[in-house]
Amino acid sequence: MKTLIIHPQDRTTTFLQPIYQTIPDKTIISGGAFMKDIRKMIDEFNDAFSGIVSKYINEPADIIYNKVLQEYGVLAEKNPVAMYNYQRLYCN
C-alpha cells in the first residue's frame, strides 16, 4: 500500500528526510507547499470527489466509476492530493 506524506517546507523538512527514506512505496508532497496550500488541495479533492459521486449516485457502480475517473482525472492533473487518490480508484 502506498503512503502519502504531506510535509510543508519548514525547519523540520531536512530533519525528517531520513525517516521518510525508510518508508517504502511513498508519495511526498513538500517543497514550497505551506499548510494553507495543502489544506486547499485536500478541500478541493474532497469537494470534487463528493460532488461527482453525488451527481451519479443513482447510477450503476460501473457508470459512477467511469464518471469519477473521467471528471476527477481533470483535477488530478493539477492537484497532487487528487492524483494520489485517483491512482487508487477501482471498481469491484
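Trainee: Which elements make the β-α-β unit, and what is its handedness?
Mentor: In this predicted model, strand β1 covers residues 3-6 and strand β2 covers residues 26-29. Helix α1, residues 13-21, joins these two strands in the unit. The handedness of the unit formed by β1, α1 and β2 is right-handed.

Trainee: In which sense do β1 and β2 pair, parallel or antiparallel, and over how many bridges?
Mentor: Thr3 stands opposite Lys26 in β2, and Ile6 stands opposite Ile29 in β2. The two strands pair in the parallel sense, and the number of bridges is 4.

Trainee: Where is Asp25, and what is its phi?
Mentor: Asp25 sits in the loop between α1 and β2. Its relative accessibility is 46%, so Asp25 counts as partly exposed. Asp25 is not a glycine, yet its phi is positive, at about 50 degrees.

Trainee: Which residues touch the most other members of the largest nonpolar core, and which elements give two or more residues to this core?
Mentor: The core has 14 residues, and those touching the most other members are Met41, Ile52, Val68, Tyr72, Val81 and Ala82. The elements giving two or more residues to this core are α2 (35-55), α3 (61-76) and α4.

Trainee: Leaving aside neighbours within four places in sequence, which residues is Met41 in contact with?
Mentor: Met41 is one of the core residues that touch the most other members. With its neighbours within four places in sequence set aside, the contacts of Met41 are Ile29, Asn79, Pro80 and Val81.

Trainee: Is Pro80 buried or partly exposed?
Mentor: Pro80 belongs to helix α4, residues 80-86. Not counting residues up to four places away in sequence, Pro80 touches Ile29 and Met41. The relative accessibility of Pro80 is 34%, and buried would need a value under 20%. Pro80 is therefore partly exposed.

Trainee: What separates the C-alpha atoms of Pro80 and Asp62?
Mentor: Pro80 and Asp62 are 18 residues apart along the chain. In space, their C-alpha atoms are separated by 25 Å.

Trainee: How many salt bridges does a search of the whole structure find?
Mentor: Side chains of opposite charge can pair when their charged atoms come close. One such pair here is Asp43 with Arg39, and another is Glu71 with Lys55. The search of the whole structure gives a count of 2.

Trainee: Where do Asp43 and Arg39 lie, and what is the N to O distance in their salt bridge?
Mentor: Both residues lie in helix α2, 4 residues apart, which is about one turn of the helix. Asp43 is partly exposed because its relative accessibility is 32%. Arg39 is also partly exposed, at 44%. The N to O distance between their side chains is 2.9 Å.

Trainee: Which helices does the salt bridge of Glu71 and Lys55 tie together?
Mentor: The closest N and O atoms of Glu71 and Lys55 are 2.8 Å apart. Glu71 lies in one helix and Lys55 in another, so the pair ties together parts 16 residues apart in sequence. The helices are α3, holding Glu71, and α2, holding Lys55.

Trainee: Which of Glu71 and Lys55 counts as exposed?
Mentor: Glu71 has a relative accessible area of 24%, so Glu71 is partly exposed. Exposed requires a value over 50%, and the other residue has 53% relative accessibility. The exposed residue is Lys55.

Methods. Residues numbered from 1 in each chain as written. Predicted model: local features only at pLDDT ≥ 70, side-chain atom pairs only at ≥ 80, totals over all residues. Heavy atoms only, no water. Buried < 20%, exposed > 50% of the residue type's maximum accessible area, 1.4 Å probe, protein only. Contact = heavy atoms within 4.5 Å. Pairing = 2+ DSSP bridges. Right-handed = clockwise from strand over helix to strand, strands pointing away. Core = buried A, V, L, I, M, F, W, Y, C linked by side-chain atoms within 4.5 Å. Salt bridge = Lys/Arg side-chain N within 4 Å of Asp/Glu carboxyl O.
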